Amino acid sequence: MKSAVRQALALLLVIITTQVPAAGNDYLPSDLRARVDQLKASRADIPTTEINARVRAKLTWEWINAYALNGGYLPVNATQIIAFILGSDVVTPAMIRALDETITEFAFLDNFPDALGSLRADTGPYVAGSEGTITQTYTVGAKQIQTGGGIMVARHFMTNFGAWQAADPTQPNFMSVDSSNPRVSFVATTKPMSGMHGGFRNTRPTLVFEVASGTLQPGDVVTLTYGDTSSGNRALRMPTFSSDLMPLPLYVAFTDGGHFFSLPIQPVRVEGAMVAGVTGFAPSIVAPGETFTLSIRAKDRFYNRATGDIPNWRVLKNDEPWLEVPATGAITLTETSIAEPGTYHLTLESTDGNFRGDVNPILVTAEPRERIFWGDTHGHSGFAEGIGTPERFMLWARDDARLDYVTHSEHDIWLDDAEWEVLRQNVREFSKEGEFAAYLGYEWTVDAKRGGHHNVLFRTPENRARIDAQFFPTLSELYQGLRATADPQDVVIIPHAHQAGDYRQNDPLLEPLVEIMSQHGNFEWFGRMYLKQGHQVGFTAASDNHLSQPGYSAPLGGSLSQRGGLGAVLAPAAGTDAIFDGMKQLKVYATTGDRIILDFSVNDTGMGQRAPFAQNRDIRARVIGTAPIDTVTLFKNDAVLWQQSYLQNKDGRLNKEDTYLLSFFSSSEPFHPHDNPRGWRGWEGTLEVHNATLKSITPVDASFPLQSVENSSENPNRVTFSTKTRGDSSSYLVELGDVQRSTRIDFDLVETSESGGAPPFYRPAQRVPAESFSLRLRDLLNGEVGHTQVIDDYIDRTTLRRIIRDGARELTIKQTDTSAKHGDYYFIRVVQANDAIAWSSPIWIGGHNKR
């Protein structure tokens, strides 16, 4: 083992042994207290430099973790700057300044524990997407706030509150400040703020109420009102997503030009609005007559759990009336069974007729050898740069998303030791054997040059130490650290492409899976690169949701511009070990969130496995979709072996009234090897139908609110549209009437840009130029016509296909292959008419495993 890894492991043991506060009132053990006091005393004479920054960062790490374990509140970026310093080749002046500011803040808190004062807020609940007024009340502590000091009203970069402003009290989202001290006045100004309470990777001007005259004395009360309506104006627009801890961060500076100290974030609650839809969840595979739980979830228009009056429900089984279910709340659970084998599609209707939704398909089969368990191994809360509490994360996974398994995988660069213990305790409390498996884990967080982001999962929560980026900053060190501290059979590592994992490296005992889809986009290329390197890995998907909403996630925008994915694990029964073993054994597949049932085998060998060599390969697949199946593609050794479109109408006719699928596609593959992926490509503009009637145009994926369409009030054949793609297609269903051979659709795309995601190192995000073009129905070839737009070497494509209106939702596929070599591998990709995708894990034939 490398000496650096030995040193990091030794320090990890030191930290573990110093986590218990010393006796008495001091939260620091005596040895750590002496070293902290020496640091505080020496800073005036010995400034922080590139030479001593790492030593001071390690000491600060111990210090702030002891503070957190004692119940102290940590500034959101305190642990991150330590990770940057310890993991970087060069310590920059900006890193040194940030470390010094962290030391300054904790030295102040150490010396003057009563100086900050206290904060309370009107916690709600407020209704998502509504308007309201929130107040936060700050009581000045033992230290005065002098003229030039003040309160910074920061904004978490992921909240979508209305843009509060202090300039015009007659306009919406106005914010005001008042004080109980009549001799104090304030002036609104701005100061730059970075990190999660600012511009995240960049700075953002942030509102500051600066003391213009007077001095705020201990005990004075300052009231900040978000959405002040005293001038008859509209209030503050609330975020569209619900949360039990919607952050409204505040910072206080005591002097002009002084450091802004963090105040603890208050638990402002935002809940869902009135019911606007319904979704159901059920097991994917059950035995005939087996009792199972059907979950009916009423949702608002933003996918939150609905509030207010909830209607009763009617359940249809394969379009025939089946059950009447009285609502017991926003989430209603009912026990039921199905006697006869077969495939069943359940539909939910409110008894008042206002709402209708679907349940995932159910396969009823006698004595199933394996069942499908759905989970999310990658999601975040407010413990990292996200929003919400860890408790809310688990409740959402278990109750709202009805997952079978989950991992709350916070970024290690933002995790402190106290938070790690909370995550461990949550796993203990929420796991219920045979019903819900929660796995302790975290996200090892370094940039792509050092190995990229990897989620680390543990089989059990007991005696698990983080091998974190602060002390293990390269991928080889992560592998070594985990092998040194855990049995490899109890660890699963999953790299992902957003901050791209290094596909040249793979530990076959630790890293069985690759995440190829999340809210950040679709990254099939990423999994294929692992296979091309000779690694034996399976494919999974996850949400990477940052709002404590694992497993059932609506897009937020920015980099998180699509719904979250799901991983399917094949196992004989539910259970912590059974599901974990399924991941270790590569018995998995990935979907973009729809619970598509997928069975794939080669010579009777299932997904993720290696079959004995045979010249003849009998390839079989069965797909039961949540929507009509569009295209199935069979890959062999990274090339398309066979492909079939089941939705495309190739009869060569043009009917007077016809249905078309309009799709936009852009690749997410990096332009340069080992770079981060290409960002989201925007598609915005207008389309106009000529020599036909545009009867309707609708997005095919109702879960994708960023896909919009607006009809022209002046021209019924003209619409304005907007969508995004990143490694997949975004499609619209187009109904045309009065079709002729001369029918065409004219497109005028405006200039957009690539956006979102971890910034590429070598190819910056590019502008996408405006372009105009036409698609003519007379040019249809096998039912398809398209247009390509070349940006660098990327070929972005707009496609119009004539389709069958109601395609099959269930298919059985049989193919053979006789062109055979040892080590060949096969996998399939299934695309549905609603743009949902499922990918099997590969199956290898002959050859040998990597050791």
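Here is a short walk through one helix and a few salt bridges in this structure. Keep in mind that the model is predicted.

Let's start with helix H5, which covers residues 93-111. Its 19 residues, at 1.5 Å a residue, should span 27 Å, and the C-alpha atoms at its ends are indeed 27 Å apart, so the two agree. Much of what makes this helix worth a look is what its residues are doing. Among the buried ones are Met 95, Ile 96, Leu 99, Thr 102, Ile 103 and Phe 106. Two acidic residues of H5, Glu 105 and Asp 110, are buried as well. In an α-helix there are 3.6 residues a turn, so residues three or four places apart point the same way. And what lies over the buried residues of H5? The cover includes helix H2 (30-42), helix H3 (53-69) and helix H4 (78-87), along with strand E13 (261-262).

Now for the charged pairs. Side chains of opposite charge can pair when their charged atoms come close. Searching the whole structure turns up 54 salt bridges, and three of them make a nice tour.

Stop one is Arg 428 with Glu 462, whose side chains meet at 2.9 Å, N to O. This pair links distant parts of the chain, 34 residues apart: Arg 428 belongs to helix H7 (residues 417-430), while Glu 462 sits in the loop between strand E30 (454-458) and helix H8 (475-485). Are these two buried or exposed? Somewhere in between: Arg 428 has 36% relative accessibility, so it counts as partly exposed, and Glu 462 is partly exposed too, at 38%.

Stop two is Arg 617 with Asp 824, where the closest N and O atoms are 3.0 Å apart. Arg 617 is in strand E41 (residues 617-624) and Asp 824 is in strand E57 (residues 824-832), so the bridge ties together parts 207 residues apart in sequence. Here both partners are buried.

Stop three joins Arg 678 to Glu 754, with 2.8 Å between the closest N and O atoms. Again the pair links distant parts of the chain: Arg 678 lies in the loop between strand E44 (658-665) and strand E45 (680-690), Glu 754 lies in strand E51 (residues 752-755), and they are 76 residues apart. Arg 678 is buried, with a relative accessible area of 2%, and Glu 754 is buried with 5%. This pair also has company: Arg 678 and Glu 754 belong to a network of salt bridges that links them with Arg 681, Arg 763, Asp 792 and Asp 796.

Definitions and conventions
Residues are numbered from 1 along each chain as its sequence is written. This is a predicted model: local features need pLDDT of at least 70, side-chain atom pairs count only at pLDDT 80 or more; totals for chains, interfaces and linings use all residues. Side-chain values use heavy atoms; hydrogens and water are left out. Helices (H or I, at least four residues) and strands (E, at least two) are DSSP runs, numbered from the N terminus. The expected span of a helix is 1.5 Å times one less than its number of residues. Buried means under 20% relative accessible area, exposed over 50%, partly exposed in between (1.4 Å probe, protein chains only). Contact means heavy atoms within 4.5 Å. A salt bridge is a side-chain nitrogen of Lys or Arg within 4 Å of a carboxyl oxygen of Asp or Glu.
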